[in-house]
Structure formats: structure tokens, C-alpha cells
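Visitor: Please take one part of this structure and go through it closely. I am new to it, so explain the terms as they come up.

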Amino acid sequence: MGYLIAAYAVLWAISFGLVLSMHLRQRRLQLDLRVLRQLVEDAASSDE
Amino acid sequence: MKKNDCLPLLLTVSSSLLILLGLYLALAGAPDANLKSETGRLAQRIIYFHIATAWVGFLAFFVTFVAGAVYLRTQRRQWDIAALASAEIGTVFMLGVLVSGSIWARPAWGVWWVWDERLTISLVQFLIYVGYLMLRGSVEDPARRARFAAVYGVVAFVSVPVNFVAIRLWRTQHPLVFGVDGGGLSPNMMFAFFFCLIAFSLWYVTLMWHRIRLERLRDQVDELKLRLV
């Protein structure tokens with residue numbers, strides 16, 4: 001029984017790790033995107 | 001809610017529900033295998049997720065192969081993104097195959113690992129695709145990176161048919177679930193088996209959707225950085 005639980009736990013952990021890594025990367029990119037958009041807007045308004 | 005948000009939500013919820021149902025079938029719904037030992041019968045239930053995980057790995061590498069070939073022909077970024085997304089998902093799933101297979105091997109064979117053809121080829125295949133991801137990380141120029149990765153992805157795909165036929169070509173210790181004499185599973189086991197295959201395929205599509213979206217976000221960030229420079 002222990003091997004069965006271990007195998008499924010590992011598969012879940014690997015899947016969860018992939019989803020978590022994608023979530024964290026997405027959150028960081030969204031934050032970068034927000035900051036960069038603001039910087040572009042600021043640059044455009046200072047040019048005017 | 002926008003239509004664009006609806007599809008990923010639907011995909012995520014439906015694939016998660018199918019995976020949970022698959023888990024129930026694998027652990028309780030499917031009948032026991034015709035094995036003498038209790039440990040063997042329990043360990044055999046690993047195959048439902050183990051084979052479905054391997055299937056997703058092979059499918060993902062096939063998509064990397066196709067997307068790479070189409071990229072070489074069209075030079076369109078979307079195919080490079082699809083190849084990368086699929087290779088990353090496939091590599092993670094192959095890791096799952098190696099680890100779950102090793103855990104199954106302990107009660108079934110009495111060892112965690114043997115250097116037989118199927119297991120060795122699976123490990124080499126995993127390392128080949130780790131190499132694919134490392135190659136992408138080591139080339140700065142995006143066009144060169146995409147071209148190198150596409151060629152690598154096409155060539156690396158050779159490992160998939162070799163891995164698939166390994167248990168048919170050589171007499172390996174790895175069991176052959178579907179051979180020329182028919183399947184080694186009873187009809188109820190077959191149902192759980194194919195249910196898990198479908199659930200994992202949908203899970204792969206869901207992961208692809210999210211991973212491609214992530215890469216498009218990265219492109220937007222790079223584009224804005226360039227505008228600022």
C-alpha cells in the first residue's frame with residue numbers, strides 16, 4: 001500500500017510543482033508588464 | 001467574464017474533475033489484477049497513472065516535433081512557443097514516468113532500478129529533453145534559439161518511437177501491457193485505463209494553454225522593454 005501511495009503522491013507533487021511554477025512565473029510577468037506599461041505611459045507623456 | 005477567460009477555466013475545471021475521477025477508478029473502481037500477492041495487486045494499480053503519464057510525455061514530444069518542423073518552414077514565433085511549451089510539459093511528465101515506474105519496480109521486481117533497455121532509453125529520452133530546455137536557455141538571439149531548438153526537437157523525437165518499440169524489440173523486464181496477443185487488462189481495467197488516458201490528454205491540453213499564454217506574456221514584456229530602450 002505504501003508504494004501505491006508513494007507513486008501517486010510523487011505524480012501529484014510533480015504535477016503540482018509544474019502548475020505552481022507556471023503560476024509564479026505568470027504572476028511575476030504580469031507584475032513586470034504592469035510596471036513596464038506604466039513606464040511606457042510616463043515616457044510618452046513626458047515626450048509630449 | 002470574457003470569452004477568453006471562459007475556455008481556460010472550463011478546460012481547467014473539466015480536466016481536474018476527470019483526473020479526480022480517474023484517480024478513483026485507478027485506486028478503487030478498477031478490479032484487482034490477477035496476481036497472487038497483495039502487494040503486487042496494489043502496486044499494479046500504479047499503471048493507470050504511470051502509462052497515462054508516459055502517453056502525455058510521448059504526445060508532448062510529438063507536438064514539439066511537429067511544431068519544430070512547422071517553425072523551420074514558416075519561421076513563425078507561435079510554433080516556437082508551442083514547441084517550447086510542449087517540451088517543458090513532456091519533460092516534467094517523463095520525470096513522473098521515471099519516478100512512478102521506479103516505485104512500481106520495487107515491489108514488483110524487488111529493486112528500484114534495473115539498466116534494461118526500456119528503462120535506460122526512458123532515462124536517456126528524459127535527459128535529451130532536459131538538453132533541449134538547456135539549449136534554449138543558452139542561446140541569446142531569439143531567432144537562432146528558435147531555429148536550433150526546432151532542429152533539436154525534430155531530431156530528439158527519434159527517441160519516442162525507439163522507446164515505444166523497446167519492449168517489443170528486446171526482451172526487457174518491463175511488462176508489455178498491449179502486445180500482439182491482445183491486452184493484458186480485463187474489460188473493466190481497460191475502461192479505467194482509457195479513462196485515465198483521456199483525462200491526462202485533456203490535462204495536457206489545459207497545461208499547454210496556460211504555458212503558451214505564459215510565453216506570450218513574456219513576449220509582451222520583452223517588447224515593452226525594447227520600446228523603453
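Guide: A few terms come before the part itself. Axes are lines fitted to C-alpha atoms, for helices over the stretch in contact, and angles run from 0 to 180 degrees between N-to-C directions. Helices (H or I, at least four residues) and strands (E, at least two) are DSSP runs, numbered from the N terminus. This is a predicted model, in which local features need pLDDT of at least 70 and side-chain atom pairs count only at pLDDT 80 or more, while totals for chains, interfaces and linings use all residues. Residues are numbered from 1 along each chain as its sequence is written, and chains are lettered from A and ligands numbered from 1 in the order in which they are written.

The part chosen is helix H5 of chain B, residues 117-138. Chain B has 8 helices and 2 strands, in the order α-α-α-α-α-α-α-β-β-α along the sequence. Its C-alpha trace spans about 70 × 45 × 30 Å along the principal axes.

Start with the partner H4(B), residues 77-109: its axis and that of H5(B) come within 9 Å and cross at roughly 145°. This crossing is left-handed, meaning that the near helix is turned anticlockwise from the far one by less than a right angle (clockwise would be right-handed). Residues are in contact if their C-beta atoms, placed from the backbone, lie within 7 Å. On the H4(B) side the meeting residues include B:Leu84, B:Ala87, B:Met94 and B:Leu98, and on the H5(B) side they include B:Leu123, B:Phe126, B:Tyr129 and B:Leu133. By class, this contact has 12 nonpolar, 4 polar and 2 charged residues. Here Ala, Val, Leu, Ile, Met, Phe, Trp, Tyr, Cys and Pro count as nonpolar, Asp, Glu, Lys and Arg as charged, and the others, Gly among them, as polar.

Another partner of H5(B) is helix H7(B), residues 159-169, packed at an angle of about 165° with the axes 9 Å apart. H5(B) is therefore roughly antiparallel to H7(B), a word used for angles over 145 degrees (under 35 is roughly parallel, 65 to 115 roughly perpendicular and the rest oblique). The crossing of H5(B) and H7(B) is left-handed too. Among the residues that make the contact are B:Ile121, B:Val124 and B:Ile128 of H5(B), with B:Val162, B:Ala166 and B:Ile167 of H7(B). The contact residues divide into 6 nonpolar, 4 polar and 2 charged.

Within H5(B), B:Ile128 can be followed further. Leaving out residues up to four places away in sequence, B:Ile128 touches B:Ala156 and B:Ser159. The C-alpha atoms of B:Ile128 and B:Gly153 are 9.4 Å apart, although 25 residues separate them along the chain. B:Ile128 counts as partly exposed because it has 18 C-beta neighbours inside 10 Å; a residue is buried with 20 or more other C-beta atoms within 10 Å of its own and exposed with 12 or fewer, the C-beta atoms being placed from the backbone.

H5(B) also takes part in the largest nonpolar core, supplying at least two residues, as does H4(B). A nonpolar core is a set of buried Ala, Val, Leu, Ile, Met, Phe, Trp, Tyr and Cys residues joined through C-beta atoms within 7 Å. This core has 62 residues, and H4(B) gives the most, with 17. Helix H1 of chain A supplies at least two residues as well.

Methods. Contact = placed C-beta atoms within 7 Å.
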